[in-house]
Every structure is written in structure tokens, then in C-alpha cells.
Amino acid sequence: MAKVMVVDDAAFMRMMIKQILTESGHEVVAEAVNGLEAIQKYKENMPDLVTMDITMPELDGVEAVKGIREINSKAKVIMCSAMGQQQMVVSAIQAGASDFIVKPFQKDRVLEAVQKVLG
């Protein structure tokens, strides 16, 4: 099973996605509340997968993906977006994100994205 880092400025959203992942046997090795912290914790933990919120304070998800991809060009990142953020999702994919899921999270869709990205 994968080691995952969950990045979201909302504690409730982190908790939801953590629960979905841990119930499926994945290990959440780190959490971050903004893009700057995400890049730092990625360096420290080198997770197999990152779930990344798009809109966050300090540094948004798109910029954080770029930062993480500078550390590891093969980093696997799944973007988490609210409805109506299509343009940012496109930017995130161009920056190197592997897939995206839409809030509110649906367990099946989250696990499908994780499976697809991890291969």
C-alpha cells in the first residue's frame, strides 16, 4: 500500500480524505495546510502519492505541484478541487499533477484516482 501526504487548508477535508485512504490500507505519512508546508514535508517524507488542494493560503496547489516536481520529477499528485475550478485544474495538470478529484469527495472516485495514479 502507498505512503500518502494529504494537503488541504481545511482540517475537515484532510480528515475525510485520510479516512478514505486509511480504510483502504494506505498510510498517511504527512499532512500539510498550505503549499509551502507541502513542499517541505514532501522533502522530509518522500511519499508515494500526494493529494493536493488547489486553493490554499501562502502557496496554492498549482505552485506547490511545481515545487514538488522540482524535488522529484516523477512525483504523483492528485489535485482536489471544488466545483467550478476547471481552469485551475487544467493549470495543475500542466504543472505535472497526475489526476484530480472533485469535492465533496466520493470514496469510489478517490480510490479510483489513487489506483490509476499508482498503477
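**Notebook: the sheet and its cores**

Started with one pair in the middle of things: D53 has C80 of strand 4 as its bridge partner. This is a predicted model, so I keep that in mind for everything below.

**Entry 1: strand 4 and its neighbours**

I looked up what strand 4 pairs with. Strand 3, residues 49-53, runs parallel to strand 4 and is joined to it by four bridges. Besides the D53 pair, I noted M52, whose bridge partner in strand 4 is M79. On to strand 5, residues 99-102: strand 4 pairs with strand 5 over four bridges, again in the parallel sense. Here C80 turns up once more, with I101 as its bridge partner in strand 5. So C80 is a bridge partner of D53 and also of I101.

Next I followed the chain out of strand 4. The path goes through helix 4, residues 86-95, to strand 5, and this β-α-β crossover is right-handed. On the other side, strand 3, helix 3 (residues 61-71) and strand 4 form a right-handed β-α-β unit.

Is strand 4 mostly covered or mostly open? Mostly covered: five of its five residues, 77-81, are buried. I checked the two faces separately. V77, M79 and S81 sit on one side, I78 and C80 on the other, and all are buried.

**Entry 2: strand 1**

Then I went to strand 1. Four of its five residues are buried, so strand 1 is largely enclosed by the rest of the structure. It pairs with strand 2 in the parallel sense over five bridges, and V7 stands opposite A32 of strand 2. Strand 1, helix 1 (residues 11-23) and strand 2 make a right-handed β-α-β unit. Strand 1 also runs parallel to strand 3, with four bridges between them; V4 has L49 of strand 3 as its bridge partner.

**Entry 3: the whole sheet**

What order do the strands take in the sheet? I read off 2-1-3-4-5, an open sheet of five strands with parallel pairing. Strand 2 and strand 5 are at the edges and have a single partner strand each, so one side of each lacks a neighbour in the sheet. I also looked up the twist: on average, neighbouring strands are turned by 20° against each other, direction ignored. Helix 1 packs on this sheet and touches strand 1, strand 2, strand 3, strand 4 and strand 5. The direction of helix 1 makes about 165° with that of strand 2.

**Entry 4: the cores**

Last, the nonpolar side chains. Which residues of the largest nonpolar core touch the most other members? Of its 22 residues, they are M5, V7, V50, M52, I68 and M79. I then checked which elements feed this core. Strand 1 (3-7), strand 2 (27-32), helix 2 (35-45), strand 3, helix 3, strand 4 and helix 4 each supply at least two residues. Helix 3 gives the largest share, four residues.

I68 got a closer look. Leaving out neighbours within four places in sequence, I68 is in contact with M5, A38, I39, Y42, M52 and A75. Two of these names, M5 and M52, are on the list of residues that touch the most other core members.

Apart from this core lies another one, of 16 residues, and V4, M13, L21 and F105 are among them. That puts V4 in the second core, while V4 is also the bridge partner of L49.

Key
Residues are numbered from 1 along each chain as its sequence is written. This is a predicted model: local features need pLDDT of at least 70, side-chain atom pairs count only at pLDDT 80 or more; totals for chains, interfaces and linings use all residues. Side-chain values use heavy atoms; hydrogens and water are left out. Buried means under 20% relative accessible area, exposed over 50%, partly exposed in between (1.4 Å probe, protein chains only). Two strands pair if DSSP finds at least two bridges between them. A crossover is right-handed if, with the strands pointing away from the viewer, the path from the first strand over the helix to the second runs clockwise. A nonpolar core is a set of buried Ala, Val, Leu, Ile, Met, Phe, Trp, Tyr and Cys residues joined through side-chain atoms within 4.5 Å. Contact means heavy atoms within 4.5 Å. Axes are lines fitted to C-alpha atoms, for helices over the stretch in contact, and angles run from 0 to 180 degrees between N-to-C directions.
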